[in-house]
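Visitor: I would like a close look at one part, the salt bridges. Please take me through them, and then through what surrounds them.

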Amino acid sequence: MQKNLLIIYSSVDGQTLKICNTVTKHLKENNQGVDLFSIDDFHGDINAYDKIVIGSSIRYGVHHKKIIEFIKAHTDELEAKTSIFFSVNLVARKAEKNAPDTNPYVVKFFKTIDWKPTYVEVFAGKIDYKKYTFFDRKMIQLIMWMTKGPTNKDAEIEYTNWDRVKDFSLKLIDL
């Protein structure tokens with residue numbers, strides 16, 4: 001018997017996991033079977049699922065290496081079923097960059113792989129300078145300064161639009 005939906009994710013600072021947990025909660029509230037795994041913990045068979053959701057955060061302009069490797073290793077299986085990808089990044093905090101076709105990281109990502117998912121979404125992440133290592137904080141502050149974002153070393157700002165996350169969750173049911 002096939003399970004309904006598998007979510008595989010990579011999360012550096014926890015926001016992608018928070019989004020995945022919220023999606024899982026919405027799906028379960030709508031009686032949808034769902035299994036959630038970190039890319040590091042999934043060792044199962046994706047063919048046991050009807051739908052595959054892959055979520056990845058961005059760090060320094062690229063999605064997690066293990067997510068990319070997983071997609072490249074399973075492109076044929078992913079394309080044979082309903083497959084969904086979502087990216088979590090701070091650039092998506094800007095309205096003009098919060099869609100799959102306008103988010104530079106997502107556009108670049110799909111130029112480097114052959115997979116064509118059924119559906120793609122982008123969510124804005126969270127900035128929490130106090131949580132970062134010294135190096136990460138300085139690098140992210142530089143990136144934020146260049147993109148006119150917050151640079152205060154004490155800033156903690158969640159940009160994720162939770163209504164969009166809920167809408168995404170409900171869309172997964174109908175795909």
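Guide: Here are the salt bridges, followed by the pocket, the cores and a few single residues.

This is a predicted model, in which local features need pLDDT of at least 70 and side-chain atom pairs count only at pLDDT 80 or more, while totals for chains, interfaces and linings use all residues. Residues are numbered from 1 along each chain as its sequence is written, and side-chain values use heavy atoms, with hydrogens and water left out.

A salt bridge here is a side-chain nitrogen of Lys or Arg within 4 Å of a carboxyl oxygen of Asp or Glu. By that rule there are 9 salt bridges. Helices (H or I, at least four residues) and strands (E, at least two) are DSSP runs, numbered from the N terminus. For accessibility, buried means under 20% relative accessible area, exposed means over 50%, and partly exposed lies in between (1.4 Å probe, protein chains only).

Start with lysine 18 and glutamate 158. Their closest N and O atoms are 2.8 Å apart, in a salt bridge. Lysine 18 sits in helix α1 (residues 15–29) and glutamate 158 in strand β8 (residues 156–158), so the bridge ties together parts 140 residues apart in sequence. Lysine 18 is partly exposed, at 38% relative accessibility. Glutamate 158 is partly exposed too, at 34%.

Next come lysine 66 and aspartate 40. Their side chains form a salt bridge at 2.7 Å, N to O. Lysine 66 belongs to helix α2 (residues 65–73), and aspartate 40 to the loop between β2 (34–38) and β3 (49–59), so this pair links parts 26 residues apart in sequence. Lysine 66 is partly exposed at 40%. Aspartate 40 is partly exposed at 41%.

Then take arginine 164 and glutamate 121. This salt bridge has an N to O distance of 2.4 Å. Arginine 164 is in helix α6 (residues 162–174) and glutamate 121 in strand β6 (residues 119–124), so the pair joins parts 43 residues apart in sequence. Arginine 164 is partly exposed, at 23%. Glutamate 121 is buried, at 9%. Elsewhere, salt bridges with shared partners join Asp13, Arg59 and Asp136 into one network.

Arg59 leads on to the largest pocket. Arg59 is among the lining residues nearest the pocket centre, along with Ile58, Val88, Asn89 and Leu90. On a 1 Å grid over the protein atoms alone, a pocket is an open set of points where a 1.4 Å probe fits, with protein on both sides within 12 Å along at least five of seven lines; lining residues have an atom within 4 Å of a point. The pocket holds about 350 Å³ of space, a volume being the space filled by probe spheres set on the points, which are joined across faces, edges and corners. Its lining has 24 residues. These divide into 11 nonpolar, 9 polar and 4 charged. Here Ala, Val, Leu, Ile, Met, Phe, Trp, Tyr, Cys and Pro count as nonpolar, Asp, Glu, Lys and Arg as charged, and the others, Gly among them, as polar. At least two lining residues come from each of α1, β3, β5 (82–89) and α5.

Tyrosine 105 touches some of these residues. It lies in helix α4. Leaving aside neighbours within four places in sequence, tyrosine 105 is in contact (heavy atoms within 4.5 Å) with Ile58, Gly61, His63, Asn89 and Val91.

Now the interior. A nonpolar core is a set of buried Ala, Val, Leu, Ile, Met, Phe, Trp, Tyr and Cys residues joined through side-chain atoms within 4.5 Å. The largest has 22 residues, and Ile54, Ile71, Phe85, Phe110 and Trp115 touch the most other members. The elements giving two or more residues to this core are β1 (3–10), β3, α2, α4 (104–112) and β6. Apart from it lies another core of 16 residues, including Ile19, Cys20, Leu27 and Val88. In soluble globular proteins, nonpolar side chains tend to be buried together.

Last, two backbone points. Most residues other than glycine have a negative phi. Tyrosine 60 has a positive phi of about 55 degrees although it is not a glycine. Tyrosine 60 is in the loop between β3 and β4 (62–63), and is partly exposed at 37%. Lysine 148 also has a positive phi, near 60 degrees. Lysine 148 is in the loop between α5 and β8, and is exposed at 76%.
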